[in-house]
Amino acid sequence: MSSEAVSDKTTSAHSAELLMEKVQIKRKADFAGNNPKKICTKEARRGLDVSALEETEYYFEDYLRKVYPYYFTYTTFCKGRWVGKSLIKVFSQEFRAHSKEEYEKSIAGGNIKVNGKPVTVDYIFKGHDRVTNKVHRHEIAVAAAPIKIIHNNDDFIVVDKPPSIPVHPCGRYRHNCLLFILAKDHGLKELYSVHRLDRLTSGLLVFTKNIKKSQEINEQIRERKVNKEYVCRVIGNFPDGIVQCKEPLEIISPKMGISIVSPDGKDCETIFEKLSFNGTSSVVKCKPLTGRMHQIRVHLQYLGYPIINDPIYNHEHVFGPLKGKNGEIGKSRDQLLEDLLKAHSLQKWLIEDGPLSQDFESKTPIIDDPENKISLNALEYYIKSDGYDKLATKYVKNPEKFIIEDSCDLCHQKYMDPQPKDLIMFLHALKYQGDGWEFESPLPAWAKDDWKDKET
């Protein structure tokens, strides 16, 4: 498993998911609209069928790949703890992506059913009840970047993953994930995962075309026989020479996916080496020898050189004036998590509440600030690559394909699209090498020696 091998699992409601997307908060599977594990497992391992691929289509707008809203039905069975409880109590307590009032409306409208039949909010769960929830899905936009295939033979498909795109269906990403994009744009409908990358992490991603090869590579990874190299850009002048960090890491919130250095954590080791310094930031090669969640990012934070645009571990308000250097946070874990949520307020994302219209998908205002301009320059490495013009011609926006659902709260609201700075983090999977195989991706633009952190 890669050191950054954690898929994003964001919340279902568009407002909540925008927050979770910003801080890459993990969520448990939630058939109410969050992350159906059965779907992720089936699609990642057994391929995508035609019906799944035809649920909706893409369109390109500005620098973003978007998905037309569509209907989808989640299914689950009654948990033991639900027996004897009312339908509305279970939904309002366990599935908090929507308000109690919204679930009451869905039940009354027949979108939530038990054993295939409409019920009332007071329905009492019995063992083996089957619950379905028909939702109107709105997906978050990702970078409108072609997927570069680095290597393709009988055993492997190796790609250079653009930032902003999750690997598997999860949270508010289904069609806007790498597996669906590869199936739709390249006809690759059955791939087996070897490792994963965080949504914001770019670079080398290895798939196999058969289960035997997948098991073989995964065994090498479990036995730590796979060498991995990443590059990143960090704040300040990173020390010369080899820097080794062996601080143990602990996941302090599995749901939120946040790790910290802790004596109670699991063993963890990363080797760093500075490649260049441009006067304000350094490009650093990273070799994770273990595979802990956010290992590279947390170890860099501990050393005092966080990744310059890391939305979590380079945040002064959350981690204090030293930004977590030497593991110093100065607050309780609960307070840390609370501050992290507050730091990424949803208010700036919501443009307005209003009547239904065909224009509920907002345009993307490019805010005239240096961080957005630098991020957009970095994204152009992917967006302006070979194949973009063909895709942009294929995926032209068609207002007639928008489905407006009266009962969908998201159809009543306008949200700002992700800005360039929300779509990229300067961490890139550069090289993977195992027994009898080796792959390497090109350096992204931001990792070049002459890259400037500020517009000149």
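**Group meeting: a walk through the predicted model**

Okay, let's start with contacts, meaning heavy atoms within 4.5 Å: among those in the protein between residues at least 6 apart in sequence, 73% join residues at least 24 apart. Before going on, this is a predicted model, where local features need pLDDT of at least 70, side-chain atom pairs count only at pLDDT 80 or more, and totals for chains, interfaces and linings use all residues. Residues are numbered from 1 along each chain as its sequence is written, and side-chain values use heavy atoms, with hydrogens and water left out.

The protein has 12 helices and 21 strands. Those are DSSP runs numbered from the N terminus: H or I over at least four residues for helices, E over at least two for strands. Of the 456 residues, 57% are buried. Buried here is under 20% relative accessible area, exposed is over 50%, and partly exposed is in between, using a 1.4 Å probe and protein chains only.

So, the β1 and β2 region. Strand β1, residues 58-61, is covered on both faces. Y58 and F60 are buried on one side, and Y59 and E61 are buried on the other. Its neighbour is β2, residues 64-67, running antiparallel and joined to β1 by 4 bridges. For pairing, I'm asking that DSSP finds at least two bridges between two strands. Who faces whom? Y59 has K66 as its bridge partner, and E61 stands opposite L64. The two strands make a hairpin with 2 residues between them, and D62 in the turn has a positive phi of about 55 degrees.

Add β7 and you get an open sheet of 3 strands, ordered β1-β2-β7, with antiparallel pairing. The edges are β1 and β7 (142-143), each pairing on one side only.

One residue to click on is R65, which lies in β2. Is R65 buried or exposed? Buried, because its relative accessibility is 0%. Now look at A392: it is 327 residues away from R65 in sequence, yet the C-alpha to C-alpha distance is 9.3 Å.

Next sheet. As a reminder, strands of a sheet pair through backbone hydrogen bonds, either parallel or antiparallel. Here 4 strands form an open sheet in the order β3-β6-β4-β5, and the pairing is antiparallel. At the edges, pairing on one side only, sit β3 (70-77) and β5 (117-118). Between β3 and β6 (residues 130-137) there are 8 bridges, again antiparallel, and Y71 stands opposite H136 in β6.

Helix α5, residues 100-108, packs onto that sheet's β4. Its buried residues are Y103, S106 and I107. Why are they on the same side of α5? Because they cover an arc of only 100 degrees around the axis, taking the directions from the helix axis to the C-beta atoms. That buried set packs against α4 (87-94) and β4 (112-114). On the face turned away from the buried side you'll find E101 and A108, both exposed. After the helix comes G110, with a positive phi near 85 degrees.

Moving along to β17, residues 281-288. How many of its 8 residues are buried? The count is 6, so to speak "mostly covered". Strand β12 (residues 227-235) joins β17 through 6 bridges, antiparallel, with R233 partnered to V283. Strand β16 (residues 270-277) joins β17 through 7 bridges, also antiparallel, and there K274 is partnered to V284. The β16 and β17 hairpin has 3 residues between the strands, and G279 takes a positive phi near 105 degrees.

Last stop, cavities. On a 1 Å grid over the protein atoms alone, a cavity is a set of points where a 1.4 Å probe fits but cannot get out, and lining residues have an atom within 4 Å of a point. Searching the whole structure gives 5 cavities of 30 Å³ or more. The second largest has a volume of about 60 Å³, where volume is the space filled by probe spheres set on the points. Its lining includes I260, V261, F319 and I329. The elements giving two or more residues are β15 (258-261) and α8 (295-303), and α8 gives the most, with 3. By type, that lining is 6 nonpolar, 3 polar and no charged; Ala, Val, Leu, Ile, Met, Phe, Trp, Tyr, Cys and Pro count as nonpolar, Asp, Glu, Lys and Arg as charged, and the others, Gly among them, as polar.

Technical notes:
On a 1 Å grid over the protein atoms alone, a cavity is a set of points where a 1.4 Å probe fits but cannot get out, and a pocket is an open set with protein on both sides within 12 Å along at least five of seven lines; lining residues have an atom within 4 Å of a point.
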